[in-house]
Amino acid sequence: MSVDAPRTGSRPERMTAHEVRQRLDHARTSRLTQLQALDESGQGADEHLMSVQKSAIERVLKEIDDAFARVADGTYGTCLGCSEPVPPERLEILPYTPCCVACRRRAAV
C-alpha cells in the first residue's frame, strides 16, 4: 500500500507522503536541537554521558535520513526485516522506524 493511499474512516490507515516528510522534518529538527543543546552545555558535564547521548542522537538522525530515502524510493512503511507493512500506529510514534515491533525485538536479541 502506498503512503499516499486515500484516507478512509475516522483514522487514517496511512499518512500521505507530505505528512510523512513533515513528521520526519520535525523529528530531524528536534534531534538537531538536542545536539546543539549538548554542545552548548559543554564544560562541567559528564563527558562520557554526553558522548553516549550524542551517539544516540546521531544514530536517530541517520535513521531519519534513511526514512526520507525510503519515502523517495517508495518503500516507506514496509518492514525491512519481514517485508510486511509496518503498522500505522507504530509509524505515528516513530515515523523513521525501519521495521515492525517483532523484527525490532528479534534484532535486539
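Me: How much area does the protein expose, and what share do carbon and sulfur atoms supply?
Reply: About 7100 Å² is exposed, with 53% supplied by carbon and sulfur atoms; the areas are Shrake-Rupley values with a 1.4 Å probe, and for residues only the protein chains shown count as cover. This is a predicted model, where local features need pLDDT of at least 70, side-chain atom pairs count only at pLDDT 80 or more, and totals for chains, interfaces and linings use all residues. Residues are numbered from 1 along each chain as its sequence is written, and side-chain values use heavy atoms, leaving out hydrogens and water.

Me: How many helices and strands are there?
Reply: The protein has 4 helices and 0 strands (DSSP runs numbered from the N terminus: helices are H or I, at least four residues; strands are E, at least two).

Me: On to H2, then. Which of its residues are buried?
Reply: Among them are Met 50, Ile 57, Leu 61, Phe 68 and Arg 70. Buried means under 20% relative accessible area, exposed over 50%, and partly exposed in between (1.4 Å probe, protein chains only).

Me: And what covers them?
Reply: The cover includes helix H1 (17-41).

Me: What caps the N-terminal end of H2?
Reply: Asp 46 does, with a side-chain oxygen 3.0 Å from the backbone nitrogen of His 48.

Me: What follows H2?
Reply: Gly 74, with a positive phi near 85 degrees.

Me: New topic: where does Ser 83 lie?
Reply: Ser 83 is in the loop between H2 and helix H3 (88-93). Its phi is positive, about 65 degrees, although Ser 83 is not a glycine.

Me: Is Ser 83 buried or exposed?
Reply: Ser 83 counts as exposed because its relative accessibility is 54%.

Note on methods
Contact means heavy atoms within 4.5 Å. A polar contact is a pair of N or O atoms within 3.5 Å; within protein, one must be able to donate a hydrogen and the other to accept it, and residues adjacent in sequence count only if both atoms are side-chain atoms.
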